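Me: I have a structure open and would like to learn how to read a sheet and a helix in it. Please take me through one of each.

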Amino acid sequence: MKKRFKFLMFIAILSMNILFANEIQINLTLKEKEFLKKHKILKIPEINFPPFNFKKDGIVQGFSIDYINLITEKLNIKTKYISGYSWSEYLTMLSNGDIDILADISTSTEREKTLAFTDPYFTLYNIFYIKKGSKEYNSLDELDGKTYITPKNYKNSNYIKKHYPLIKQLYVKSNLEAFQLLAQGKGDIVIDTKSVANYLLKTNNITDIVPSNIINDRYLIDELRISVKKTNTLLLSVLKKAQKNISNKEINRLKEKWFDKRYKKENLLSIQEKEYLKNNTFTYAGDPNWLPFEAFDKQGKYIGIVSEHIEIIEKKLNIKFKKIITKDWINTLELSKKIKSDIISGDAADVILAKNYKPIDTYIQNPLVLVTRKDHPFISELNHIKDKKIAYIDGYGYTADIVKKYPNIKFLKTNSINSALVGVKSGKYDIVIGTLSMIDYTIVSMGLEGIKISGDTGITMNLTLFINREKPLLYSIINKTMNSIDDITKHKIMSKWRHTKLGNIIDYTLIWQIIGVFIFIFLIGLSFLIISRKNNKRLNKLLNSTIEAIAIFKNGKLIETNKQLLQMYGYSSIEDIKGNTPLDFVSPSQHEFLKNQLKDSQKPYELNMVRSDGTNFPALVRGTNMDNNIRITSVLDLTELKDTQKEFELLNKSLEFKVKSEIEKNKQQQLMMLQQSRLAQMGEIISMIAHQWRQPLNSLAMINQTIILKYHRDKLNDKAIEYFSKNSNKQIQGMSQTINDFRDFFKPEKEKVKFILNDIIQNTIDMVNPIFIKEKIDIILGVDNEFMIVGFPNELSQTILNIVNNAKDALIENKIKDKQIVISIKSKNKNTILTISDNAGGIPLNVIDKIFNPYFSTKEAKKGTGLGLYMSKIIIEEHMGGRITVANSESGAVFTIILKKKERDEK
């Protein structure tokens, strides 16, 4: 009985081990193998990017180079390094096929047009670097007018150029040159990662450059990948497969070699910290219902993304935290006020936790996204639809960031993500804001249909652990230990809890969990068969009760199987295959691989199986070696799962195409509306031209009549001809200048330029002034100084023209006696504020919130298109990065335009 019990325990342990199997083999297709035979050498650039990719003592080396070497060893190919070109040149060379890969690159929309990328292998967080003693910077918004030193065409450089045009950029050849120029005072800031900066500053003895702050902008987080030319699909495929074959142990070995010693557990803690851990116990609390980040299940087990990070910390430190299970997050916050826990999980922006607790370094960032019903268009800017019913989940730290970024929006609050998403589906809310991971997880968990992610807020939720401020040693221990978790491990944890990424990752753990119970029951029954050789009927029943195919081999020959295997392979009876070897069921190309697995492997692996009719199908296989040369093999057909995977991939590609198409459609629609708006103004413009031509035409007529009279009276002499020539030319030149002024008004602009705002306003006034004088409307321009602006002067002129013409119509319609339009400019902080007000009585309160909507007009149907103010808002807020608002004063309407200023001496 003791032997039998031990054997049963052995079988049980084997079956439980199935749940942790995750070994991946490089399984190349015939096309991929042929490709590698023809391409034995990869051409790779050396880019002077230490400690990742650089040349020292004539040898190309670095973390990325070693990582590539791991890949090439696994693929049995070699590398050839190319030197002497700039980053921009290497990008062009890759697109042209002159080199095979770039090993240190992150994705961007522009790059994805010509390049394709592998999965990320290293995550870099960017930091502001300044000259010692200089002003520190916390965000990119503080850098207007400052000089950023950077190699050209870096992703960070292109992003800042597009979204922060007032930041000057000084282009250099390398990161090292950037730091050298910063040390010489040739610029204000360098943006780089800690790993690269520390290496460059230390090895080049640059001592007067210091870090300022981490950049809290998720678009400036770099995930290093390997890129290939977009059409080189076979190379991309083999690189991805080789990537999956690189173990965490191999990655950590590279990190120990090229970075600090934080990856070595034995050097992680000081002697004092180790003693502190031995003599103390610690309590831990979190959000009990915040999946996929964290939660306690019905059995009280702590689960989720945070949970798996905490579990790693516990293993590294060889301790166990005492988990405090709270009722809800509000209860957890109340706990923090009384300091009843040593560690609390939360968002770095949480002001309540920050009172008594100190946050460690952010270890996960997750963007806040916008969820709508499926029929809602893509949202490019939340402020444009602030009249919608917009909700967020109350109680989280990032809600303060939302309110701060959108002060003019009246948000609705909801108490849970579940009720929020159901509210969107039912129409209670138009938009809900939440973290991408939580929304993704909840939509799938609840099986919600008819809703989608329609936009991004540009805000990130920064996940951290808050440590009791009175325990600095505990803070140091937890912070160092969390930082020692490598990026690939973090990525795998996030992927595990990301439901919608099935198109890229097949997680076999869930499959084996589903069938684990059946295998366990089967193996118990099988153990009795081997021990007693009895109860054949029961064995057959057990074999046929499983959902996978089962085969039993003895001395390498098939002796028993279940009906599922016969159906899977297309055989009518076991007699057709009895005595076959495992190799007889597998594609010949994988015989060598299978022979290695048959020796002692008990982990699942993929194989291409062969049916009785010769067709192939993919399968997941697991074998267990027993006593007496018996091997039990279970087979699961992956055909349906693979098809589903392809469907997901096609669906994702289709969705990406639709989103891009919708964005392009919106751009085209805006351009069309802009053209419609300009065409609508042409009638008034022609009227203005006609009005300004009337006087010179009358003068020309009089001059002409004078010449004719003199001719008839024989008084036409040289003096009369000179008078005619001089004065007629003067009138014609004036008319010509009028045409030029209005022609420039309609000239399209492609690039932003620097211009003086005062000049644009004066030119616009000059165009309309004749008609305004006729209507007895005074335009008062109250400006003392000159204001320099960066943007599109003609488009801004169109906006001003829209507003003053609307004011003119209102003044005339309301029969105001002393008609006035006042234009003023003033400077406030980093902004230039342009105000246009009138005394026409104001805009009715029931429509004032709608006047910027497309096709909305308060004028009669034939007098207005409803596009003028809508396009004015597009021009100011989307094209020029400013803001436009309207309000009523005591006497009339007041339009306020806020623009980023550009001092004139910053040319």
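What follows is a short dialogue on a sheet and a helix.

Reply: This is a predicted model, where local features need pLDDT of at least 70, side-chain atom pairs count only at pLDDT 80 or more, and totals for chains, interfaces and linings use all residues. Residues are numbered from 1 along each chain as its sequence is written, and side-chain values use heavy atoms, with hydrogens and water left out.

Me: In what order do the strands of the open sheet stand?

Reply: Strands of a sheet pair through backbone hydrogen bonds, either parallel or antiparallel. Strands (E, at least two residues) and helices (H or I, at least four) are DSSP runs numbered from the N terminus, and two strands pair if DSSP finds at least two bridges between them. Here five strands form an open sheet with mixed pairing, in the order E31-E33-E34-E36-E35. Strands E31 (777-782) and E35 (883-888) each have a single partner strand, so one side of each is left without a neighbour in the sheet.

Me: How many bridges join E31 to E33?

Reply: Six bridges join E31 to E33 (residues 819-828), and the two run parallel. Ile 777 stands opposite Lys 819 in E33.

Me: Is helix H3 largely enclosed or not, and why?

Reply: Buried means under 20% relative accessible area, exposed over 50%, and partly exposed in between (1.4 Å probe, protein chains only). In H3, 10 of the 13 residues are buried, so the helix is largely enclosed by the rest of the structure. Among the buried residues are Phe 63, Asp 66 and Leu 75. Just after H3, Asn 76 takes a positive phi of about 60 degrees.
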